[in-house]
Amino acid sequence: MNTARQGLLLLQWQLRRSLPYIPLLVVVQVALAVATVVGYGLLVGTPSPDVALYLATGAPTITLITVGLVMTPQMLAQAKTEGSLDWMRTLPVPRWTFLASDLLMWTLIALPGMVLGVVAGVLRFNVNLSIAPWVVLAALLVSLTSASVGYAMASVLPPMLAQLLTQVLIFVVLLFSPVSYPASRMPEWLQTAHQFLPIEPMAQLVRAGLANASFTVPGRSMVVLGVWVCVSVAAALTALRRRA
Amino acid sequence: MYSSVHRTGGNYGAERRAQHPRIEQEVRGRRGVQANDGIDLDVLPGQVVGLLGHNGAGKTTLVNQVVGLVRPDAGAITLDGIDAVAHPHIARQRTSIQAQANVPITGLTPRTAIQLVGRIRGGRRRDVVARTQALVDALDIASWADTPSQKISGGMARLTAFCMTVVVPGRLVVLDEPTNDVDPVRRRLLWDAIRHLADDGAGVLLVTHNVREAERVVDHLVILDGGRVLAADTPAGLAASTRGTLTVELDLGARIGPDTAIGWPAAVTPTTRDRLRAAGTVAAESAADVVRWAQDQVQIGAVERYGLAAASLEDVYIRLVGPDHAPVAAEAETALQVVA
């Protein structure tokens, strides 16, 4: 049987089931993008052009990460609680097809918010972006990484714990990550921690794609991202395959 | 302990028997609690096998083992000659399962849900559309088929889940309590659909509490208790012990209190008693005397109605598992009972 066809049909199933909520998801993403840009603007007053560019190129990453790390695990935890996941696990679909279709859905759902984040940043701070064509791929990779990490989290942990963790993560991403400000402002231990977490590499990748003239991506960040994607996909796949 | 109560219906040739789903398993739950212990049952193509047992008897565990959601500690589950424990993905390709919990389909209509699942199961679009329409008609749910699922009742959701399971049926179809929440008229249609499924060549493993109705469609019955097989036979074989025995049921008059003893004739063996009803069994040759006695009770107002019927599979089931676990007896008029 054609597994790609099955994957697309599953994607259709998941998308059509989420259809009533998708407008709401987009509204939340808009709110997030605007809140990040306007809210940080309020915090820092009138930013210098450098700071403004950081804020404007950080906001899209924040919306991407929030969908992947917060909304994805919340929806999966809900699917676990309502029994939808267990039912889907009885279907004659290979586990990796199932995972791929779910990750594809969450990767795509995050993209409108990212675009809105860019627009909000440009309008608010009046910055000049130098967009590289590969930013589309970068956005997909970042979205996939955060969706995988979020998915793995909710696959491995009990639903309640996963839901709680998403609440904590939102604080970490918004306030304690070098997304909207440079890492050099953070205490040293936090800088070290972020060298191994996926958040900083995600921010660097999106930033370099949007303001290609001002930022580059260290090779190490790509490696860290790659490792997180692989480990997360493996963990989620193992959890899906696990038999009680 | 291994309990072998393996029996087969005799209508199938050896070459067909080599290719049927077969379950032999032994499961020990974690923390030393024993879940299932040596269940041995066969489901032949074309056969409906009923799996009966009270809550917690191990039915759902067994179902989850067949599709690889739960791993048995020992034993074998063979589907079409393939080891389902070692190859759960192949087991899933050949099995379709209606779980006890309803499938959440918010955002979809029943028809869309059935068709999408049919295509996910590998059906061609045109076939799936036709088969969906046939199922919708057979179960008389056409008026709800295109309603958003948020607005449909529990019974309709249950019937939709059934259709999703059988729209492209596997070689083995597992139905866990398919009649729950379904109205009496559509329950009959559902039983017919289950029978047709087997007649079309699928092996059907039917988990149910609804002994009385299942009797009409099952070819073979397995009764589970405490994770073990208590009895397994054809319905006629199981009921053989009750041949020549009748069940007498009384609807008690209003002035008979719950503690008042019923002066059954000596020929009657009392079985159940609750506030408004009492039942017992009687040998067929004494039935005429009991009818006379019951008629007298009606005359004096102690009994409102009475009835005599051939002892059913339900009676056999209750006798085997003990009245404490009797599932359908619990349905008897105790909708609201207040014990002060």
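What span should the 15 residues of helix α6 (residues 111-125) of chain A have at 1.5 Å a residue, and how far apart are its end C-alpha atoms? The expected span, taken as 1.5 Å times one less than the number of residues, is 21 Å, and the end C-alpha atoms are 21 Å apart, which agrees.

This is a predicted model, in which local features need pLDDT of at least 70 and side-chain atom pairs count only at pLDDT 80 or more, while totals for chains, interfaces and linings use all residues. Residues are numbered from 1 along each chain as its sequence is written, and chains are lettered from A and ligands numbered from 1 in the order in which they are written.

**Helix α6 of chain A**

Helices (H or I, at least four residues) and strands (E, at least two) are DSSP runs, numbered from the N terminus. A residue is buried if 20 or more other C-beta atoms lie within 10 Å of its own, exposed if 12 or fewer, and partly exposed in between, with C-beta atoms placed from the backbone. The buried residues of α6(A) include Gly113(A), Met114(A), Leu116(A) and Phe125(A). Packing partners of the buried residues of α6(A) are α2 (22-44), α3, α7 (135-156) and α10 (199-210) of chain A. Asn126(A), just after α6(A), has a positive phi of about 55°.

**Chain B and its contacts**

Chain B has 11 helices and 14 strands, and 42% of its 340 residues count as buried. Two residues are in contact if their C-beta atoms, placed from the backbone, lie within 7 Å. In chain B, 72% of the contacts with a separation of 6 or more are between residues 24 or more positions apart.

The domain assignment, which is automatic or from a database, divides chain B into domain 1 (19-233) and domain 2 (240-331). Their contact takes 10 residues from domain 1 of chain B and 9 residues from domain 2 of chain B. On the domain 1 side, α8 (211-214), β9 (220-225) and β10 (228-233) of chain B each supply at least two residues.

Between the chains, 21 residues of chain B are in contact with 24 residues of chain A. Elements giving two or more residues to the chain B side are α3 (88-94) and α4 (110-120) of chain B. The table gives the classes, with Ala, Val, Leu, Ile, Met, Phe, Trp, Tyr, Cys and Pro as nonpolar, Asp, Glu, Lys and Arg as charged, and the others, Gly among them, as polar.

| Side | Nonpolar | Polar | Charged |
|---|---|---|---|
| Chain B, touching chain A | 11 residues | 6 residues | 4 residues |
| Domain 1 of chain B, touching domain 2 of chain B | 5 residues | 2 residues | 3 residues |

**Nonpolar cores**

A nonpolar core is a set of buried Ala, Val, Leu, Ile, Met, Phe, Trp, Tyr and Cys residues joined through C-beta atoms within 7 Å. In the largest, of 143 residues, Val49(B), Ile194(B), Val204(B), Leu206(B) and Val222(B) touch the most other members. Helix α3 (residues 49-81) of chain A gives this core its largest share, 17 residues. Domain 1 (19-233) and domain 2 (240-331) of chain B both contribute residues, so this core lies between them.

**Confidence**

The complex has an ipTM of 0.83 and a pTM of 0.79 from the predictor. For pLDDT, the predictor's confidence in each residue from 0 to 100, the mean of chain B is 78. Residues 1-18 of chain B stay under 50, as do residues 325-340 of chain B. Where pLDDT is low, predicted coordinates should not be read in detail.
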